[in-house]
Amino acid sequence: MKKTMTTTGGYPIADNQNSLTAGERGPVLLQDYQLIQKLAHQNRERIPERVVHAKGSGAFGVLEITEDISKYTKAKVLQKGEKTKLLLRFSTVAGERGAADAERDVRGFALKFYTKEGNWDLVGNNTPVFFVRDAYKFPDFIHTQKRDPQTNLRSNTAMWDFWSLSPESLHQVTILMSDRGLPKSFRNINGYGSHTYSLINSKNERFWVKFHFKTLQGIETITNKEAEAIVGNDRESNQRDLFENIEKGNFPKWSFEIQIMSDEQAKKCSFNPFDLTKVWPHGDYPMIKVGTMTLNENPKNYFAQVEQASFSPSNIVPGISYSPDKMLQARIFSYPDAQRYRVGTHYEDLPVNRPIVEVNTYNLDGSMNYKVKEPTKAFYEPNSFDGPIEDASYLEPDLDLQGAASRYDHRVGNDDFSQVRALFNLMSQNQKEQLFSNIKDAMDTVPRNIVDRQIALFEQVHPEYANGVKKALGI
Ligand code: NDP
């Protein structure tokens, strides 16, 4: 008999699948201590490299807004004609800091915009979706990507065991196993904000938004075989490609585009638009051109400017805000928590992380606080000594939430197959063959019962998907 799972305090856990949310679509409640504990604990599992996205490459650049989207947002960074300095850090997800670049994996696409209204961070990936939709499952998922506690080896069995028990992962698994799962270089990937965020205009009206960065170098990928040869020769192939191209003045560019959904549309949408395992179909929510992003400057010091770079989706600016996406809600907590642990309490004072605007805060002491401020009696708030005060003009529009607090089963009533089918149907025969062959490679040594459970999921996407994988596996 399996033992009952407990908190580290010994309390039995009744539900380890669904976080406690106000309404089915979120947001997540702060009283969900088990969720917070899981996330906080995960952030403390490695010292000092990042638990995920440990291997990264970064460069500075500029975001230029070429179109007028002021009807959606008042954010200065998104007004036509605005040019904003940025840092973009690319990464693989699973490998440690010494891992090879040319590995099949999702690529991180983390942006920090140094805007006139403070830092805006868009911490996305080269895929528009993710493996899980509830952060309660995030630490479990990441465990499957890391090493077996005894063998210290990566485990194909762990990955497919989890995925085959988590149908919501199918969309991201299919992208990962497709040609796009092994990019030729960081210059040849798209970036997606992935989560749904909101834009707020000067009338204080809210619109839901998805952010896209489409590579102008074109999508280019390599096969598993090509990757083997590259890794045998150069473990830093993507870092080298990025650095050398920028050094040569061959600056990579992306088209910056958005999709917009009104609140009315969101309420009527056939799927949950705040679900990170779903895209917004382009046909229903067309792409809107906003501007161009260019990388044009290599870091001078990798450690100071890339390793210590601390990104968090909690960094927003007036006119850009969050959504009820359960994963986003958790990352708003989890990312700054990771940075406080990894870099230190005052990580935002480091040059690469510091906003270009004046920071007026009553958060004071703590390790590595090197600022020597002018003496002031205003070290608490409210005070009678002219300390900084709040400004109600920055209040966001209210967000209408409904529903009882409960652990809503996120797998009930969620169609995990249609969008994967749409993707599968988009693939050429050659892409499908690559998909089947990549899955075969990734299923090496996985027990038959787990393989069969996963094939049953492929079958629900498309019989051709299941049959292709079976044929590749010789089943
Ligand atoms: P569209 O035909 O309008 O869009 C298809 C998108 O799929 C394009 O953006 C294309 O990117 C991308 N794509 C093509 N091949 C692959 C691949 N092997 N792996 C990942 N992405 C790929 O259709 P819909 O908007 O209705 O979406 C259909 C399906 O396409 C979705 O279910 C989703 O799986 C996938 N998709 C959708 C995106 C979206 O935001 N709507 C974004 C990315 C993928 P490109 O134009 O750069 O070639």
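This is a short tour of the structure above, stop by stop.

**Before you start**

The model is predicted, so local features need pLDDT of at least 70, side-chain atom pairs count only at pLDDT 80 or more, and totals for chains, interfaces and linings use all residues. Residues are numbered from 1 along each chain as its sequence is written, and side-chain values use heavy atoms, with hydrogens and water left out.

**Stop 1: the domains**

Colour three ranges: domain 1 (1-45), domain 2 (56-352) and domain 3 (417-473). These bounds come from an automatic or database domain assignment. Now show the centres of domain 1 and domain 3. Their C-alpha centres lie 32 Å apart.

**Stop 2: three strands**

Select strand β10, residues 288-297. Strands here are DSSP E runs of at least two residues, helices are H or I runs of at least four, and both are numbered from the N terminus. Two strands pair if DSSP finds at least two bridges between them. Add strand β2 (residues 56-65): β2 and β10 pair in the antiparallel sense over 6 bridges. Click Val62, whose bridge partner in β10 is Thr294. Next add strand β9 (residues 253-261), which also pairs with β10 in the antiparallel sense, over 6 bridges. Here Phe256 stands opposite Gly291 in β10.

**Stop 3: the largest cavity**

Some terms come first. On a 1 Å grid over the protein atoms alone, a cavity is a set of points where a 1.4 Å probe fits but cannot get out. A pocket is an open set with protein on both sides within 12 Å along at least five of seven lines. Lining residues have an atom within 4 Å of a point. Grid points are joined across faces, edges and corners, and a volume is the space filled by probe spheres set on the points.

The count comes to 4 cavities of 30 Å³ or more. Go to the largest cavity, with a volume of about 590 Å³. Select Val52, His53, Phe138, Arg331 and Tyr335; of the 37 lining residues, these lie nearest its centre. Which element gives the largest share of the lining of the largest cavity? Helix α9 does, with 9 residues. Why does the largest cavity lie between domain 1 and domain 2? Both domains give residues to its lining, so it lies between them.

**Stop 4: the largest pocket**

Move to Pro355, Glu358, Val359, Asn360 and Thr361. They lie nearest the centre of the largest pocket, which is lined by 35 residues. Its volume is about 1,300 Å³. By class, the lining has 13 nonpolar, 9 polar and 13 charged residues. (Ala, Val, Leu, Ile, Met, Phe, Trp, Tyr, Cys and Pro count as nonpolar, Asp, Glu, Lys and Arg as charged, and the others, Gly among them, as polar.)

**Stop 5: the second largest pocket**

Select Pro128, Val279, His282, Leu423 and Leu426, which lie nearest the centre of the second largest pocket. Its volume is about 730 Å³. Domain 2 and domain 3 each supply at least three residues of its lining. By class, that lining divides into 12 nonpolar, 12 polar and 5 charged residues.

**Stop 6: a helix pair**

Finish with helix α12 (residues 448-461) and helix α13 (residues 463-473). Their axes come within 5 Å and cross at roughly 145 degrees. Axes are lines fitted to C-alpha atoms, for helices over the stretch in contact, and angles run from 0 to 180 degrees between N-to-C directions. Show the side of α12 that includes Val451, Ile455 and Phe458; residues of α13 met by α12 include Tyr465, Val469 and Leu473. Contact means heavy atoms within 4.5 Å.
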